[in-house]
Amino acid sequence: MHTLFEPRLVNDAFGDPGLYVDFRDERRALLFDLGDIAALAPRNLMRLSHVFVTHTHMDHFSGFDHLLRVVLGRKDAVVLFGGPDFVAQVEHKLRAYTWNVVHRYEVDLVIEANEIDARGRGQRARFSSRARFAREPLGPFEPTEDVLYEETTFRVRGRFVDHDIPCLAFALEEKAHVNVDKDRLVRAGFGTGAWLRDLKHAVLTSAPGATPIAMRWQDRNGDHATTQTVDELRPLILDVVPGRRIGYVTDLRYTEQNVDTLTQLLTGVDVLYIESVFLEVDAAHGARKNHLTAHQAGTIARRIGAKAVVPFHFSPRYEGRPAELLAEVRAAWSGS
Ligand SMILES: [Zn+2]
Ligand SMILES: [Zn+2]
């Protein structure tokens, strides 16, 4: 089945947390968390349009420098999202370097930083290489509900969980998913062509039903052209199914309030990426460190009805024993 995006963890489960989400048809990608990203090739980093940072502990943010090093002088824009104080933290990172020639670079890099405070209010600023990365405030913004960012085909939602500090948990949601039924297409007497993309786009953007679609295709009888409306074509050849939803949850305590927050954000999610830092035998240590055990992670996955679960952010104390953490997550998730 064709899907809009393809998520994959940046590192193995013992490495720094991070989820790279490739948009296959668009030569662009999203990244959740910005820790050690050396495993991502420069061409992968060049595709990044938006980066969402859960919180700024080093294992989630130290990769900022690496990203900047790769894209500076080559890429024109990166948009970052983070929690309280994020704009100032991005500014401090940029001010740690000397920028006496960067304003002459041919490609102007603009870093836009968006921060959400603990009350859910936003503020943003831009940092341009033309202006030697001096902070230019862009003013406040109000996220609608918990939607932090939205495009025609997908949205990113975020809510704070408690990790002793506020830490963002994210949902990436494909808005709708359109499949073309090739058999029905042929039975209706049509052939495939670029018009299918126009039709899908019209459906995904909720265009009016009377919108005309200019259809052209070729077969062994030659060229064909006709026009039909979205409403005529949709039931004939398309199946519109709910979009795929991905959860990215890392660095939190196991509390009822956190479970409530994740329930609001991620009920019935298709794939849940969730930290599973400690084994349940070390639960007291996990609580002191404000992290989940594998059993707690699996329990959350079960309680929110996740259809699949991918654990990560394993503590190095279990190096060589990932199977034990995996088994504990799965047992709690499946309720066995
Ligand atoms: Zn962490
Ligand atoms: Zn942390």
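Which residue just after H11 takes a positive phi? Keep the question open while selecting the helix before it; note that the model is predicted.

**Stop 1: helix H11**

Select residues 322-334. This is helix H11, with 13 residues. From first C-alpha to last, H11 reaches 18 Å, close to the 18 Å expected at 1.5 Å a residue. Now show the side chains of Leu325, Glu328, Val329 and Ala332, the buried residues of H11. Turn the view to look down the axis of H11: its buried residues fall within an arc of 95 degrees, so they line one face of the helix. To see what they pack against, add helix H10 (294-303) and strand S18 (309-312). Then step just past H11 to Gly335, which answers the opening question: its phi is positive, at about 80 degrees.

**Stop 2: the eight-stranded sheet**

Next, select the strands S1 to S8. Eight strands form an open sheet here, in the order S1-S2-S3-S4-S5-S6-S7-S8, with mixed pairing. Strand S1 (5-9) and strand S8 (135-141) are the edge strands, each pairing on one side only. On average, neighbouring strands of this sheet are turned by 15 degrees against each other, direction ignored.

Within the sheet, pick out strand S4 (residues 48-52) and strand S5 (residues 77-82), which pair in the parallel sense over three bridges. Label Phe52, and opposite it in S5 find Phe81.

**Stop 3: helices on the sheet**

Add helix H3 (residues 64-71). H3 packs on the sheet and touches S4, S5 and strand S6 (110-116). The direction of H3 makes about 165 degrees with that of S5. Then add helix H4 (residues 86-95), which lies across S5, S6, strand S7 (122-128) and S8. H4 runs at about 145 degrees to S6.

**Stop 4: the nonpolar cores**

Show Val90, Ile111 and Phe133 as spheres. In the largest nonpolar core, which has 32 residues, these three touch the most other members. Strand S3 (28-32), S4, H3, S5, H4, S6 and S7 each supply at least two residues of this core. H3 gives the most, with five residues.

Centre on Ile111. Leaving aside neighbours within four places in sequence, Ile111 is in contact with Phe64, Leu68, Val78, Leu80, Val90, Leu94, Ala125, Arg126, Phe127 and Phe133.

Finish at another core, which lies apart from the largest one and has 30 residues. Select Cys167, Phe278, Leu279 and Ala297, which are among its members.

How values were computed. Residues numbered from 1 in each chain as written. Chains lettered and ligands numbered in written order. Predicted model: local features only at pLDDT ≥ 70, side-chain atom pairs only at ≥ 80, totals over all residues. Heavy atoms only, no water. Helix = DSSP H or I, 4+ residues; strand = E, 2+ residues; numbered from the N terminus. Expected span 1.5 Å × (residues − 1). Buried < 20%, exposed > 50% of the residue type's maximum accessible area, 1.4 Å probe, protein only. Arc of directions from axis to C-beta. Contact = heavy atoms within 4.5 Å. Pairing = 2+ DSSP bridges. Axes fitted to C-alpha atoms, helices over the stretch in contact; angles between N-to-C directions. Core = buried A, V, L, I, M, F, W, Y, C linked by side-chain atoms within 4.5 Å.
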